[in-house]
Amino acid sequence: MEARMIARPAIVLALLFAGVASAPAQTITGDWLTSRDNTVRVSSSNGRYVGTFTSGPNSGKMAMAVLSTAPGQYSGKLFNHQGGTGPMDVKANIRSGQLNLVACTSFDDGYACLTVETWRRALQRPPQLAPAIRDEIRKPMPRPVIRQPDIRLQRTP
């Protein structure tokens, strides 16, 4: 009897952990907003992830190039970053919808890591309207015309 009581919670815990372990890792692909609110579009090709600025002063330039090292973990280079003069070696990880870009430097006594930038997911925008429809929507609405009814009371014989 006691063996059954112990076995049931163990089975439930095993199933819960199996569900957690099989949960899909967040993907790095998609649109991200940098700390300066510039948009970076990350795409993948053959296990390599490349981010390109799609807005801001660096629009069209490469923002980063990384490889996946583990689920949700990446390593590579960051380009055209805030306050940077050249490419920087970074490690990236995704946590709660944010992409943390961390740079590590080694010293004689060890090494130190610093979060260089934190990017957040960009909101998906609805598809753009055709210019004619957009202009029609922006037109001011004409004032409504209120017509007074022409009612005249007449006496009937």
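Select Tyr-74 in this predicted model and show what surrounds it. Leaving aside neighbours within four places in sequence, Tyr-74 is in contact with Gln-26, Thr-27 and Ile-28, with Tyr-49, with the run Val-66, Leu-67, Ser-68 and Thr-69, and with Val-90, Lys-91, Ala-92 and Ile-94.

Next, widen the selection to the largest nonpolar core, which has 18 residues. Tyr-74 is among the members that touch the most others, along with Ile-28, Val-42, Met-64, Leu-99, Leu-101 and Trp-119. Colour by strand to see where the core comes from: two or more residues each are given by strand 2 (39-45), strand 3 (48-53), strand 4 (62-70), strand 5 (73-78), strand 6 (88-95) and strand 7 (98-107).

Now switch to a cartoon view. The 8 strands close into a barrel in the order 1-2-3-4-5-6-7-8, with antiparallel pairing. From one strand to the next, the twist averages 35°.

Go to strand 1, residues 30-33, which pairs with strand 2 in the antiparallel sense over 4 bridges. Pick Gly-30 and look across to strand 2: Val-42 stands opposite. This Val-42 is one of the core residues already selected. Then pick Trp-32, which faces Val-40 in strand 2.

Follow the chain from strand 1 into strand 2. The two form a hairpin with 5 residues between them, and in the turn Asp-37 has a positive phi of about 60°.

Last, turn to the pairing of strand 1 with strand 8 (residues 110-121). These strands run antiparallel and are joined by 2 bridges. Select Leu-33 to find one bridge partner in strand 8, Arg-120.

How values were computed: Residues numbered from 1 in each chain as written. Predicted model: local features only at pLDDT ≥ 70, side-chain atom pairs only at ≥ 80, totals over all residues. Heavy atoms only, no water. Core = buried A, V, L, I, M, F, W, Y, C linked by side-chain atoms within 4.5 Å. Buried < 20%, exposed > 50% of the residue type's maximum accessible area, 1.4 Å probe, protein only. Contact = heavy atoms within 4.5 Å. Pairing = 2+ DSSP bridges. Axes fitted to C-alpha atoms, helices over the stretch in contact; angles between N-to-C directions.
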